[in-house]
Amino acid sequence: MTSAEFDYIVVGAGSAGSVLAARLSEDAAARVLLLEAGDAEPLPLMAVPPAWPALEATTANWGGESVPQAAAQGRRVSVPHGRALGGSSTINAMSFTRGHPSSYDRWATKGWTYADLLPYFRRNENLSGVADRDPAVRGMHGPLRVGPAVTRHPLSTAFLAAVAETGRPLVRDFSAGLDEGFGWADLSIADGRRSDAATAYLRPAADRSNLDIRTGTLVHRLLFTGERCTGVEYRTGGGPVVTATAVREVVVSAGAIGSPQLLMLSGIGPAADLRRHGIPVIADVPAVGTGLQDHPLSGIVYEASRTVPAAVNNHGEVQGAVRGTTGLDGPDLQILMIDVPLRREGLAGPDLDRGFTIGVSVLNPRSRGTVRLADARPGSTPLIDPAYYTAPEDLDTMVRGLRIARELGAADALKDWRSREALPGDRDLHDYARDNVRPYNHFAGTCRMGDGHDCVVDGELRVRGVTGLRIVDASVMPVLPSANTNATVYAIAERAADLMAGA
């Protein structure tokens with residue numbers, strides 16, 4: 001067993017880990033080790049925006065399935081999450097949107113309101129050259145180039161016409177998250193290619209002598225001296241087990257699935273579960289692995305009356321954030337045009353050579369699931385339970401969204417594209433919503449931040465019960481933002497870098 005010493009060790013080179021490694025290594029005196037299980041080189045398909053669905057079947061995805069979902073008629077669902085430099089930002093659908101301010105204010109943790117996060121949202125994004133973006137709330141000089149679709153799909157344009165026809169508001173800058181309505185979402189696409197965390201943050205920093213990036217590396221466990229996290233144990237490929245020591249801090253940025261798994265493998269989590277797997281308990285933190293959230297996704301599927309042009313972007317250029325329930329302080333539904341007939345694999349229904357979908361997602365789900373160890377072996381797939389629709393309100397909200405989607409789909413503005421409604425047809429919407437639920441892959445909440453003992457990290461993202469250890473990724477979100485999550489993960493990481501610099 002060999003060892004080496006660093007100031008900081010970052011576990012996971014996803015969106016958050018890439019930001020942290022780049023920012024921490026800006027201090028030339030700080031020695032930073034970044035460990036990533038995925039490959040060093042990007043797959044060619046990563047650069048091709050409309051090819052993102054095919055990436056689920058590649059080495060860039062950890063893969064795996066959920067446990068059977070009772071509310072989804074006992075089916076298992078896929079649980080994609082990235083394994084590459086850049087993590088899930090290299091395989092996601094490239095929507096770059098912020099949630100409504102109310103969704104961050106619900107985090108109820110000092111320093112993490114929308115107003116607190118705004119400077120970090122602005123810091124990571126680069127919208128220079130994009131019209132109709134307010135520099136007071138949008139970033140113009142960050143590393144990550146984003147913007148709305150340049151070449152716009154005709155179905156997206158027709159969908160926004162349907163929105164206007166039905167009297168719903170159009171929003172100038174949808175991705176700012178400040179206004180409810182429909183509009184062109186910003187995409188992490190620049191010059192026709194994916195813009196991801198590795199491209200924007202990591203590769204420009206890779207030649208720094210104080211930044212050591214090791215890929216193909218599986219971290220087995222965190223190491224402790226007493227209650228202090230002092231390093232990690234890992235293996236690269238079939239090589240020897242190696243230890244690395246962190247003089248200052250270890251940061252786990254392995255995502256909402258990987259971070260709680262690594263904590264539990266290392267002895268931090270529900271004590272009874274750890275003992276059942278023969279893992280010595282370092283800290284009994286029952287909340288580790290609880291609170292798993294995702295935005296459930298469904299939609300109304302239409303057979304097209306003519307050939308649908310091939311996408312050049314991400315298949316979902318326009319979105320809406322609306323309130324399907326009265327008395328809320330922000331939107332609870334996302335409605336979006338998807339230029340393919342999207343439905344969950346194996347769903348009974350007509351075979352469609354051409355079609356499109358008006359997608360629906362529940363933005364503020366109340367259902368909470370878990371990530372639990374299947375065994376004590378590093379790298380094995382944990383037991384993942386998103387627990388879709390276990391809160392009945394989520395199913396009711398989804399049905400309200402499907403009704404809105406159906407109203408938009410019936411508008412005259414789409415008559416030249418619409419042949420017929422293929423799904424759900426005359427099926428009961430509650431039954432259909434259960435049968436056609438899909439993951440949106442916005443997994444979060446399994447190491448949530450907060451001030452109480454039912455949380456895993458405090459407001460500075462330090463793990464409770466130990467010292468020298470932080471978590472920085474989507475797992476710390478107490479509740480999901482009312483939007484796709486990637487922009488928020490970047491902002492969390494940028495703020496974490498400041499917190500660590502001031503430690």
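Here are three short exercises, each with a worked solution, on a predicted model.

**Exercise 1. Lay out the open sheet**

Task: Work out the strand order of the open sheet of 6 strands, and say which strands are at its edges.

Solution:
- Step 1. Start with the order, which reads S5-S16-S17-S18-S15-S21, with antiparallel pairing.
- Step 2. Now look for strands that pair on one side only: these edge strands are S5 (181-184) and S21 (418-423).
- Step 3. Add the twist: neighbouring strands of this sheet are turned by 20° against each other on average, direction ignored.
- Step 4. Walk through some of the pairings. S16 and S17 are antiparallel and share 4 bridges, with alanine 321 opposite glutamine 334 of S17. S17 and S18, also antiparallel, are joined by 6 bridges, and here leucine 333 faces valine 362 of S18. Between S15 (residues 297-304) and S18 (residues 355-362) there are 7 bridges, again antiparallel; glycine 299 sits opposite glycine 359 in S18.

**Exercise 2. See how strand S17 is covered**

Task: Find how many residues of S17 are buried, which way its side chains point, and which strands helices H4 and H8 lie across.

Solution:
- Step 1. Count the buried residues: 6 of the 6 in S17 are buried, and the strand is mostly covered.
- Step 2. Split them by direction. Leu333, Ile335 and Met337 point one way, while Gln334, Leu336 and Ile338 point the other way. Residues of both sets are buried.
- Step 3. Bring in helix H4 (residues 154-165), which lies across S5, S16 (318-322), S17 (333-338) and S18. H4 runs at about 155° to S5.
- Step 4. Turn to helix H8 (residues 392-409), which lies across S5, S15, S16, S17, S18 and S21. Relative to S18, H8 runs at about 145°.

**Exercise 3. Describe the setting of glutamate 125**

Task: Decide whether glutamate 125 is buried or exposed, and find the side chain with which its own side chain makes a polar contact.

Solution:
- Step 1. Place the residue: glutamate 125 belongs to strand S3 (residues 125-126).
- Step 2. Check its accessibility. Glutamate 125 counts as buried because its relative accessible area is 1%, and the cut-off for buried is under 20%.
- Step 3. Look for a polar partner: the side chain of glutamate 125 makes a polar contact with that of arginine 138, at 2.9 Å.
- Step 4. Widen the view, leaving aside neighbours within four places in sequence. Glutamate 125 is then in contact with several residues, including Phe96, Arg98, Val137, Arg138, Met140, His141 and Leu144.

Conventions. Residues are numbered from 1 along each chain as its sequence is written. This is a predicted model: local features need pLDDT of at least 70, side-chain atom pairs count only at pLDDT 80 or more; totals for chains, interfaces and linings use all residues. Side-chain values use heavy atoms; hydrogens and water are left out. Two strands pair if DSSP finds at least two bridges between them. Helices (H or I, at least four residues) and strands (E, at least two) are DSSP runs, numbered from the N terminus. Axes are lines fitted to C-alpha atoms, for helices over the stretch in contact, and angles run from 0 to 180 degrees between N-to-C directions. Contact means heavy atoms within 4.5 Å. Buried means under 20% relative accessible area, exposed over 50%, partly exposed in between (1.4 Å probe, protein chains only). A polar contact is a pair of N or O atoms within 3.5 Å; within protein, one must be able to donate a hydrogen and the other to accept it, and residues adjacent in sequence count only if both atoms are side-chain atoms.
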